[in-house]
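Colleague: I'd like a close look at the charged side chains in this predicted model, and at how they pair up. Could you walk me through the salt bridges, then carry on to the cysteines and the enclosed space?

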Amino acid sequence: MAASRNYKNLWMLYEKEVPHSRFRDPACGVSPAEKLSPEHLELLRNAFTCPKSGPQKQEKSLKGRDKGGSEEHGMKFEEFREVLRSVIGPDIQDAWVERFFSEVDISCTGLLKWQQLCSYLILEYTERQRASIPTAALLDSQPQIRHCSHNKREPTVRVVAISHPPPLRYISVSKGGQITVWNSSLHIIKTLGLAGDPSEEVANTRRFRGWTTDAVYMGTVHRVAIATDCRDLHFVNVSPTSVFEDVHIFGFRSVLTALCYWHDTQCPEQPPLLLLGDEKGGVHLLWFLNPSKGLFKNPSKKDKGPQRIFFPDLGEHSNTVSYHHIPNIHQEPITRVMFEPSTNVIMTSSESDTTSVVFVNVSLKQQPYVWKFKQGAKCFDYNASLQLMVTGGCDQTVRLWNRYVTTSPVATLRGHHTAVLDVAIYQPVGQIFSYSRDVELRIWDISTHHCLKTVLVQFPCLKPGRIPEHGNFPFLLMTPPLPEETRPHLVVACKDYLAVLSLAETRRGGGGWLRDEGKENGTEIQCAASLACALYNPTLRQVVTGLSDSSISLWDVETGRRRLHISNAHGEEELTCMTLDSTHRRLITGARNGTIKVWNLLNGLNLHKLEPITDSEVTGLTCLHDNQLLAVGWSQRIAQYNIAGAKDLKVRADMSWKSTGVHKSDILAVGQCPSLGVVATASYDGEVVIWRLETQGPLLHLRNKTQGRATLPVENLLFLQHRAGNKKLRNRGVLVLSQAGWLRFWGITGEEHSYGQFFAPEESGECVLSLSSDQPKNTILVSGDTTGRLQIWDISSYALDVQHEPICERPPLLQCWLAHKRAVVCVEVIEVADRLLVLTASVDGSAGLWTKDGGRVGLFGQEAIWNVSTPAAYHRKMESDQRKEEKTDKLGLERVRCQVPESASRGPTSQEEEEEEEEEEEEECCSDGKHSIETGVFTSSAHTQTDGLSLTHACISHIMCRECPFQ
């Protein structure tokens, strides 16, 4: 089997996933893995391996020994309960023991064996260990890389961001003095070069002939201050409308090497402060006393170019700026400077062994804090709320320091192979970024000190065996608050390239308890994503919902409370389908990237990962009675997995089904009929294939007659199980297909197969995406369409006679109401507390429970808890909905029929009309079967996406032309 596989190894899809997190209801009690100590486990092992002796057991044991083997002892629930009471204590609750037994006996054999218990505990311990290690904040998406073409091959010294006024802009400053303004998508808006010395002006151009050393954005005055090795400071106006240099201070006593700007956001009238670290280890402080009127005194006469101020003459501007100098803080050039306003402390670093980092008060009245370590600090970052400082330098080491402890670091993080150029603390997730000269980016966890991820940023300027040139400040970390629709990100500069790496907004990984409704660990669970699928588990009496953001929730159907939540079930891949195993203890989920997983519904453990056969979407799953799982999708094949007795985490795919080349298009739906021993699959090209379970081969091909028109994809299919199990009805319409709003009934036995069709939605151009029926009787059919409307049809006597000619007569419509604001992707008729209810899920992100009369029981996740046994607690329909129903009742059947396309009630058109319509459709539809549609709302092709669901141009064309596609 393995030799016949030509597809590549796709197990790596699981390795690239963001780890999932599970959050459990505290009502479930303490996990057995937490409650059982090593002493308890040893006693349990003895109880399993050395059972109480008795005549019968001794005889069995002797027989086993004679055969050269031993039979593992299994415990029933009663015996297991007694053993636990003797091991843990007599006060242990029966409910906890029963849940423990059920979690381990996932196959419902009624017996528990020591090997099963060991496998369960190992999986639980492994899951907890994995959850304790957080996930790196750096997302897996490819970085956005841009070339700074105006840098003239010089490295970028600093990148600053301008977020106010919006929109977000970036400004990069090159070593050669080139200033580039970028928009939020990193497209160049404007460029500007620094002005040089007027004495060197040639052809009315002052060429800048030095190197820039640092730059800082002064947000309150919309200026960028740029320091150079010419011992000067340039102020560039970067207002939204223009970019120009307006002030140039020259003649400093030393080269400025590091800049910092601070202003009081709470008290805007407080003078902002500009800090300048220099090559002699000193710091210059400039307080701007009236920045709204100007940074400096206006010149008496206007000269061409920026205002030039000789630094020794700065005293002439005392009305606008206050100057102070603190010399000799370090013995070497300052590499970084920061300001802590709450304590009025200046923080500086240098590559000095004796004054590596210094925290000094502006007033100089307090003793400074001095950190000393080998080769000093090339960079550092400080977080006041964490009281944490991080340093990096030429010794290739990252160190974590307490704010008030200078003698030894909290932690020393090793792993870089070259000098560390920059570090940054990302507080929202408790992580640190460090970047070294060999373009290696490392993400560290603050609490565990582990390296969570190492990334080599693939800049185009990289050459084998060579280390690229960098500026002194490669990092720009953008953290909240940010402009709307802007996620946290990290900008990294290397030579003349910029890379933007997306970051997670919150801490990922871990797990915990569900606290308040809709909250996990005190933070709100986001439910803005659209629902992809939902189902009801009658054994556990729970509803399972799957969202497009790859999260799964389990809800108590009787109260609407959440019992379990799994986030990132398939990493960041969209969840597409799900089903239950035959015992209803396990959930199987499929994703858009082809991965399939098996989950324990009682505790959220990931039991198995199934081998992907392609990296494309899994669209349907169905589990046979013997726990043989069938999976279909865009691979156009049927894959089978044996999850009945699988003990390993990874389960191989069985490709024994004779499905290769049968479907010529992507399979969109699958369903099984145990009483007839068949499985049905439906594809995008409208073909339905009936497969025999015994032979695993195709039995019957069904396709509607289109007379040359483009076929419609089958969005959903449903077997009427009661009819199929009834000897008198199994030869009638037992299979319902949904195609662009048309519901078609098929028989799969006998010579004739067409048993009726009708257009279900109340509005033309809509589709039915979900179907369900009361399977014990098959008296009603429930359909949900793309408008969010739910319809209940009486099919007790519908599709029981063969239709040789297409007649589009509707069955009686019992109920119709608007259940959701957007498309209904899942509907299921369920029975709870002897009441027939309808479960719905929509791409608007909501899942609801309804009575068959249209009364709303509630929405899962709502604040109010319901009691399904008390109809008085239901949320009844609004009066407007009731009035609409009354109006519908008065209009009667005529109003219903008026929604059916005209061709369903009129005779055949003339040949000329048919030819004209065919020509129009040929112009609108592509001949290769891949259709596209453009509206004011969306544009798509091949598999057109509306509300996250597949439609086609052909679907809409047929309905808008009001022609029955089955004629």
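**Salt bridges, cysteines and cavities**

Modeller: Let's start with a group rather than a pair: Arg81, Glu82, Arg85 and Asp94 are joined in a network of salt bridges. Keep in mind that this is a predicted model. Across the structure, the count comes to 26 salt bridges, and I'll take three of the pairs one by one.

Take Arg99 and Glu103. Their closest N and O atoms are 3.4 Å apart, and the two form a salt bridge. Both sit in helix α6, which runs over residues 94-104, and they are four residues apart, about one turn of the helix. Now look at how much of each partner is open to the outside. Arg99 has 25% relative accessibility, so it counts as partly exposed. Glu103 comes out at 3%, so it counts as buried; the cut-off for buried is under 20%.

Next, go to Glu351 and Lys378, whose side chains meet in a salt bridge at 3.6 Å, N to O. Glu351 is in the loop between β19 (345-350) and β20 (357-361), while Lys378 is in the loop between β21 (369-371) and β22 (379-383), so this pair ties together parts that are 27 residues apart in sequence. Glu351 counts as partly exposed because its relative accessibility is 28%. Lys378 has a relative accessible area of 17%, so it is buried.

The third pair is Arg592 with Glu574, and here the closest N and O atoms of the salt bridge are 3.2 Å apart. This one links distant parts of the chain: Arg592 is in the loop between β41 (586-591) and β42 (596-600), and Glu574 is in the loop between β39 (562-567) and β40 (575-580), 18 residues apart. Arg592 has 27% relative accessibility and counts as partly exposed. Glu574, at 25%, also counts as partly exposed.

On to the cysteines. How many disulfides does a search of the whole structure find? The search comes back with zero. Two of the cysteines help to show what that looks like up close. For Cys379, the closest cysteine sulfur is in Cys394, 9.2 Å away, so the two are too far apart for a bond. Cys379 is buried, with a relative accessible area of 0%. For Cys826, the closest cysteine sulfur belongs to Cys533 at 7.5 Å, and that is too far for a bond as well, because a disulfide needs the sulfur atoms within 2.5 Å. Cys826 is buried too, with a relative accessible area of 10%.

That leaves the enclosed space. The structure holds three cavities of 30 Å³ or more, and the largest has about 100 Å³ of space in it. There are 15 residues lining this largest cavity, and those closest to its centre are Ile596, Ile613, Val618, Ala631 and Ser635. Two elements give two or more residues to that lining, β45 (628-633) and β46 (639-642). The largest share comes from β45, with three residues. Which kinds of residue make up the lining of the largest cavity: nonpolar, polar or charged? It divides into eight nonpolar, five polar and two charged residues.

If you want a place to begin on screen, open helix α6 and find Arg99 and Glu103, then move to the loops that hold Glu351 and Lys378.

Methods
Residues numbered from 1 in each chain as written. Predicted model: local features only at pLDDT ≥ 70, side-chain atom pairs only at ≥ 80, totals over all residues. Heavy atoms only, no water. 1 Å grid on protein atoms, 1.4 Å probe; cavity = no way out; pocket = protein on both sides within 12 Å on 5 of 7 lines; lining within 4 Å. Points joined across faces, edges and corners; volume = space filled by probe spheres on them. Nonpolar A, V, L, I, M, F, W, Y, C, P; charged D, E, K, R; others polar. Salt bridge = Lys/Arg side-chain N within 4 Å of Asp/Glu carboxyl O. Buried < 20%, exposed > 50% of the residue type's maximum accessible area, 1.4 Å probe, protein only.
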